[in-house]
Amino acid sequence: MSKFKDQLGPGFDDETGPPEFDMQDGLALALAYLEDPSNVPCPHCGPNTIEVVAFLDASSMERGAAVPTKPEGDYTVVLYCHSCGRAAALDLSRDDGTEDRNAA
Ligand SMILES: [Zn+2]
């Protein structure tokens, strides 16, 4: 039997592959990002290791599609630590105080 799977990479398996940020790490990353997007320290490695990889459309993410977008309105920011290899996708679309953007 062929065990071929069309996966994005080894990091998407629950049991093997590199470690991932947990909920607490994600929260720390989100807070740091909101405070200063250009200076987000890794909870495990410290400052100057995190890169903002992409901004993805939040509503598309909910449908399982990764659609690049601008960091405006509802978006998910993808962060990657070059030191420990962890990646995080932070959904920042539930920020309150920005509801006046939807005036149609
Ligand atoms: Zn790290």
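In what order do the 3 strands of the open sheet run, and is the pairing parallel or antiparallel? The order is β1-β2-β3, and the pairing is antiparallel. Keep in mind as you click around that this is a predicted model. The protein averages a pLDDT of 81, and 71% of the residues score at least 70. If you colour by confidence, look for the peak in β1, at a mean of 94, and for the low point among the helices and strands in helix α2 (residues 58–62), at 87.

**Stop 1: the sheet**

Select β1 (residues 50–57), then add β2 (75–81) and β3 (87–91). β1 and β3 are the edge strands: each has a single partner, so one side of each has no neighbour in the sheet. Ignoring direction, neighbouring strands are turned by 20 degrees against each other on average.

Now bring in helix α1 (residues 23–35), which packs on this sheet and touches β2 and β3. Its direction makes about 65 degrees with that of β3.

**Stop 2: β1 against β2**

Zoom in on the β1 and β2 pair, which is antiparallel over 7 bridges. For one landmark, pick D57 and look across to Y75 in β2, which stands opposite.

Next, select L56, still in strand β1. Is L56 buried, or partly exposed? It counts as partly exposed because 19 other C-beta atoms lie within 10 Å, and the cut-off for buried is 20 or more. Show what L56 touches beyond its sequence neighbours: M61, A66, V67, P68, T69, Y75, T76 and V78. V67 is a good one to draw a distance to, since it sits 11 residues away along the chain from L56, with their C-alpha atoms separated by 5.2 Å.

**Stop 3: β2 against β3**

Slide over to β2 and β3, an antiparallel pair with 5 bridges. These two strands make a hairpin with 5 residues between them. In the turn, click G85, which has a positive phi of about 80 degrees.

Then step through some partners across the pair:

- T76 stands opposite D91.
- V78 has A89 as its bridge partner.
- L79 is bridged to A88.

Turn on the side chains of β3 and you'll see them alternate. A88 and L90 point to one face and are buried, whereas A87, A89 and D91 point to the other and are not. That fits the usual pattern: in a regular strand, side chains alternate between the two faces of the sheet.

β2 itself is mostly covered, with 5 of its 7 residues buried.

**Stop 4: the core**

Which residues make up the largest nonpolar core? Select F21, L29, V40, C42, I50, Y75, V77, L79, C81, A88 and L90, 11 residues in all. β2 and β3 each supply at least two of these, and β2 gives the most, with 4 residues. Nonpolar side chains in soluble globular proteins do tend to be buried together.

Finish on C81, one of the core residues. Leaving out close sequence neighbours, C81 touches C42, C45, T49, I50 and R86. Of these contacts, C42 and I50 are listed in the core too.

Technical notes. Residues are numbered from 1 along each chain as its sequence is written. A residue is buried if 20 or more other C-beta atoms lie within 10 Å of its own, exposed if 12 or fewer, and partly exposed in between; C-beta atoms are placed from the backbone. Two residues are in contact if their C-beta atoms, placed from the backbone, lie within 7 Å. A nonpolar core is a set of buried Ala, Val, Leu, Ile, Met, Phe, Trp, Tyr and Cys residues joined through C-beta atoms within 7 Å. pLDDT is the predictor's confidence in each residue, from 0 to 100. Two strands pair if DSSP finds at least two bridges between them. Axes are lines fitted to C-alpha atoms, for helices over the stretch in contact, and angles run from 0 to 180 degrees between N-to-C directions. Lists of a residue's contacts leave out its neighbours within four places in sequence.
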